[in-house]
Amino acid sequence: ACVRAADLIFTRRSTLTSSFTEQVEEVIVDLELPYEPNVELPALGSSVRVDFLVMAARPSAILTLGGRQTQQAHQNAIEVFRRWYDLRKAKRDERFVTIVDDSQDVYRDEDLDRLADVSDLIGLSQRDDLRDLLLAA
């Protein structure tokens, strides 16, 4: 029974994340920019998966940040930060963009501040600003 409960919790968590990632993908498709989903980028001694790599004048690596509860959003933010940190250490040329599910008020200010230090942080509701950011050289 415990295993089944854990499976259900994991399935629900990945469904929520996938749902937000799919929303982000729809926005990228609407922008009519070429992109690749789930791209592995070389980092120091390993590789880091990003949710999307958008091809523009300057390529943008995108990670999405969603969560329905504060603790889940915090854990997701830690993972997003870790990935950007590893890619920055590898001195990658892509623009790093974190797209946040800003329909939820579940994020800790310190998590958002850390992410803003290592990436361009933008809410999904800011579609015009997101378009401008992805198209900027």
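What share of the contacts in the protein chain with a separation of 6 or more comes from residues 24 or more positions apart? Such residues account for 55% of those contacts, a contact being heavy atoms within 4.5 Å.

The structure is a predicted model, in which local features need pLDDT of at least 70 and side-chain atom pairs count only at pLDDT 80 or more, while totals for chains, interfaces and linings use all residues. Residues are numbered from 1 along each chain as its sequence is written, and side-chain values use heavy atoms, with hydrogens and water left out.

**Overall architecture**

The protein chain contains 4 helices and 5 strands, arranged along the sequence as α-β-β-β-α-β-α-β-α. Helices (H or I, at least four residues) and strands (E, at least two) are DSSP runs, numbered from the N terminus. Of the 137 residues, 38% count as buried; buried denotes under 20% relative accessible area, exposed over 50%, and partly exposed in between, with a 1.4 Å probe and protein chains only. The accessible surface of the chain comes to about 8000 Å², of which 49% belongs to carbon and sulfur atoms. Accessible areas follow the Shrake-Rupley method with a 1.4 Å probe, and for residues only the protein chains shown count as cover.

**Nonpolar cores**

A nonpolar core is a set of buried Ala, Val, Leu, Ile, Met, Phe, Trp, Tyr and Cys residues joined through side-chain atoms within 4.5 Å. The largest has 20 residues, and those with the most contacts inside it are Leu41, Val50, Ala61, Leu65, Trp84 and Leu87. Two or more residues each are given to this core by strands S1 (35-43), S2 (46-54), S3 (60-65) and S4, and by helices H2 (70-89) and H3 (109-118). The largest share, 5 residues, comes from H2. Beyond residues up to four places away in sequence, Leu41 touches Ser46, Ser47, Val48, Val50, Leu53, Ala61, Leu87, Arg92 and Glu94.

A second, separate core of 15 residues includes Leu33, Val54, Val97 and Leu130. Leu130 is also one of the buried residues of helix H4 (residues 127-135), together with Leu133 and Leu134. Seen down the axis of H4, these buried residues fall within an arc of 95°, so they line one face of the helix; the arc is that of the directions from the helix axis to the C-beta atoms.

**The S1-S2 hairpin**

S1 and S2 pair in the antiparallel sense over 8 bridges, where pairing requires that DSSP find at least two bridges between two strands. The two strands form a hairpin with 2 residues between them, and Gly45 in the turn has a positive phi of about 75°. Within this pairing, Glu36 stands opposite Leu53 in S2. Pro37, also in S1, is in contact with Glu25, Asp51 and Phe52 when neighbours within four places in sequence are left aside. The C-alpha atoms of Pro37 and Ile62, 25 residues apart along the chain, are separated by 9.3 Å.

**Residue exposure and backbone**

| Residue | Location | Relative accessible area |
|---|---|---|
| Arg95 | strand S4 (residues 95-100) | 8%, buried |
| Pro37 | strand S1 | 41%, partly exposed |
| Asn38 | strand S1 | 52%, exposed |
| Glu32 | loop between helix H1 (2-30) and S1 | 72%, exposed |

Neither Glu32 nor Asn38 is a glycine, yet Glu32 has a positive phi near 60° and Asn38 one of about 50°.

**Polar contacts of Arg95**

The side chain of Arg95 reaches the backbone oxygen of Leu133 at 3.1 Å. A polar atom of that side chain also lies 3.1 Å from the backbone oxygen of Ala136. A polar contact is a pair of N or O atoms within 3.5 Å; within protein, one must be able to donate a hydrogen and the other to accept it, and residues adjacent in sequence count only if both atoms are side-chain atoms.
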